[in-house]
Amino acid sequence: MPICYQIHEELRLLVTRFEGVVTSSEMLDTYNTILSDSRFRHGFNELADFNELEMMNVTQDTFIDLSITVHQFYKGHSEKTRTAILASRNYTYGMGRMYSGYADPGSEDVEVFKSINEAMVWLNLEPMPIA
C-alpha cells in the first residue's frame with residue numbers, strides 16, 4: 001500500500017506514510033477513507049511522512065480536489081487542522097510545498113519540514129518515532 005495511516009486519538013494526530021509511487025486515485029481514496037474513519041475527528045493534526053516516497057504521479061487537479069475534500073470536511077467547524085509534511089529530499093520537499101500552495105487556509109495550515117523534531121514542535125507535540 002503506497003499510503004498507510006495511523007490515528008493516535010490520545011494525541012489528536014493522524015500519521016500518514018507515503019511509500020514508493022503514489023497515484024492521484026490512491027491519494028484521494030486514502031484521504032476519503034481517513035475522513036470517513038470514525039476515529040478521525042475535526043481538529044486532529046497530521047504528520048505526513050514523505051521520506052519513503054519515490055514519486056507522486058499526481059496532477060495539480062489532485063491537489064485541488066484534496067484541498068476541496070478537506071475543506072468540505074471542516075466546513076461549519078471552527079477547528080482546523082495543521083498538517084506537517086516531513087520531506088528530507090528536494091523532490092519530496094517540493095511536492096509538499098506544492099500541496100501547501102493549494103491547501104485552503106480556512107481549513108488547513110500546511111508546513112513542510114526536513115526534520116521530524118521541527119515538525120513535531122510545530123504540531124505542539126513531543127518528538128516521537130513515526131513507526
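**Exercise 1: N124 and R12**

Decide whether N124 counts as buried or exposed, and state where N124 is found in the chain.

*Solution.* Step one is to read the relative accessibility of N124, which is 65%, so this residue counts as exposed (buried is under 20% relative accessible area, exposed over 50%, and partly exposed in between, with a 1.4 Å probe and protein chains only). Step two is to place the residue, and N124 turns out to be in the segment after α4 (116-122), where helices (H or I, at least four residues) and strands (E, at least two) are DSSP runs numbered from the N terminus. Step three concerns the backbone: phi of N124 is near 60 degrees, a positive value in a residue other than glycine. R12, which has its place in the loop between β1 and β2, also has a positive phi without being glycine, here near 55 degrees.

Two remarks apply throughout. The model is predicted, and local features need pLDDT of at least 70 and side-chain atom pairs pLDDT 80 or more, whereas totals for chains, interfaces and linings use all residues. Residues are numbered from 1 along each chain as its sequence is written, and side-chain values use heavy atoms, leaving out hydrogens and water.

**Exercise 2: the sheet**

Work out in which order the five strands form the sheet, and which strands are its edges.

*Solution.* Begin with the order, which is β1-β2-β3-β4-β5 in an open sheet whose pairing is mixed; two strands pair if DSSP finds at least two bridges between them. The edges are then β1 (3-8) and β5, each of which pairs on one side only. From one strand to the next, the twist averages 15 degrees (angles run from 0 to 180 degrees between N-to-C directions of axes fitted to C-alpha atoms, for helices over the stretch in contact).

To see the mixed pairing in detail, go through the neighbours in turn. β1 and strand β2 (residues 13-23) run antiparallel and are joined by six bridges, with C4 standing opposite R17 of β2. Strand β3 (residues 45-57) and β4, by contrast, run parallel and are joined by four bridges, and here E46 has T83 in β4 as its bridge partner.

**Exercise 3: strand β4**

Describe how strand β4 is covered, and how β4 pairs with strand β5.

*Solution.* First count the covered positions: β4 spans residues 81-86, and five of its six residues are buried, which leaves the strand mostly covered. Next, look towards β5 (residues 108-113), with which β4 pairs in the parallel sense over six bridges; in this pairing I85 stands opposite V112 of β5. Finally, follow the chain between the two strands, where helix α3 (residues 90-102) completes a β-α-β unit that is right-handed, that is, the path from the first strand over the helix to the second runs clockwise with the strands pointing away from the viewer.

**Exercise 4: salt bridges**

Find how many salt bridges the structure holds, and follow the one of R17 with D49.

*Solution.* The structure holds five, a salt bridge being a side-chain nitrogen of Lys or Arg within 4 Å of a carboxyl oxygen of Asp or Glu. One of them joins R17 and D49, with the closest N and O atoms 3.6 Å apart. R17 lies in strand β2 and D49 in strand β3, so this pair ties together parts that are 32 residues apart in sequence. The two partners differ in cover: R17 is partly exposed at a relative accessible area of 26%, while D49, at 3%, counts as buried.

Continue with the side chains of K80 and D109, which meet at 3.2 Å, N to O. K80 lies in the loop between α2 and β4 and D109 in strand β5, so the pair ties together parts that are 29 residues apart in sequence. K80, at 33%, is partly exposed, and D109, at 26%, also counts as partly exposed.

Last come E79 and R12, whose side chains meet in a salt bridge of 3.3 Å, N to O. This pair links distant parts of the chain, 67 residues apart, with E79 in the loop between α2 (60-74) and β4, and R12 in the loop between β1 and β2. E79, at 38% relative accessibility, counts as partly exposed, and R12 is partly exposed at 36%.
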